[in-house]
Amino acid sequence: MIRSAYQICSAGQRAVLAILVLGWLTVSVCLAVTKEVTNTYPLKADGTFALSNVNGTVRIEVWDKDVVEVRAVKTTHDKESALDQVSIDVDTTPDGGLSVSTHYPQEGGGEVAVDYTIHVPRHAHLDHLST
């Protein structure tokens, strides 16, 4: 009869193995370095909003304010200095809209992800979103 490794291990051995796996996962998460930036910018209720991101998630939520709130969380498993190499540029557009762009250095920004949570006025026009 062939038995799996799970069947061969005792309950105590499985518990120790589970603790080791959880410990490894915790260490890998703890090694991440983050930097959070939150700013607000005026935008007419029917203004346009654009966002360009290379690596990371984008979450857009609406609210009943005439401002855009940009919350950006930069994360890396490299050195903390890698976070400063990635910039978040916010510009107004000629029509009074707002444009947010993530810029990495030409020689590469290491492994930096930028996760955005954006609040926009309820009737704002989403002009361009890329990630």
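Here are legends for four close-up views of this predicted model. Residues count from 1 along each chain as its sequence is written, and side-chain values use heavy atoms, with hydrogens and water left out. Since the model is predicted, local features need pLDDT of at least 70 and side-chain atom pairs count only at pLDDT 80 or more, while totals for chains, interfaces and linings use all residues.

**View 1. An open sheet of 4 strands, in the order S5-S6-S2-S8.** Strands here are DSSP runs of E with at least two residues, and helices are runs of H or I with at least four, both numbered from the N terminus. Two strands pair if DSSP finds at least two bridges between them. Pairing in this sheet is mixed. At the edges sit S5 (87-92) and S8 (125-130), each with a partner on one side only. From one strand to the next, the twist averages 10°, with axes taken as lines fitted to C-alpha atoms and angles running from 0 to 180 degrees between N-to-C directions. Zoom in on S2 (residues 48-52) and you'll find it running parallel to S8, joined by 5 bridges. Look there for leucine 51, which faces leucine 129 of S8.

**View 2. Strand S4 (residues 67-76) and its partners S1 and S7.** On one side, S4 pairs antiparallel with S1 (residues 33-42) over 10 bridges, and threonine 38 stands opposite arginine 71. S4 is also antiparallel to S7 (residues 112-121), this time through 8 bridges, with alanine 72 across from tyrosine 116. Because 7 of its 10 residues are buried, S4 is largely enclosed by the rest of the structure; buried means under 20% relative accessible area, exposed over 50% and partly exposed in between (1.4 Å probe, protein chains only).

**View 3. The largest nonpolar core, with 17 residues.** A core like this is a set of buried Ala, Val, Leu, Ile, Met, Phe, Trp, Tyr and Cys residues joined through side-chain atoms within 4.5 Å. Phe49, Val68, Tyr116 and Ile118 have the most contacts inside the core. S2, S4, helix H3 (81-84), strand S6 (98-103) and S7 each chip in at least two residues, and S7 gives the most, with 5. Not counting residues up to four places away in sequence, valine 68 touches, among others, Asn39, Tyr41, Phe49, Leu98 and Ile118; contact means heavy atoms within 4.5 Å.

**View 4. Alanine 32, in the loop between helix H2 (11-30) and S1.** With 24% relative accessibility, alanine 32 counts as partly exposed. Its C-alpha lies 4.5 Å from that of histidine 77, although the two are 45 residues apart in sequence. Neighbours within four places aside, alanine 32 contacts Thr75, Thr76 and His77.
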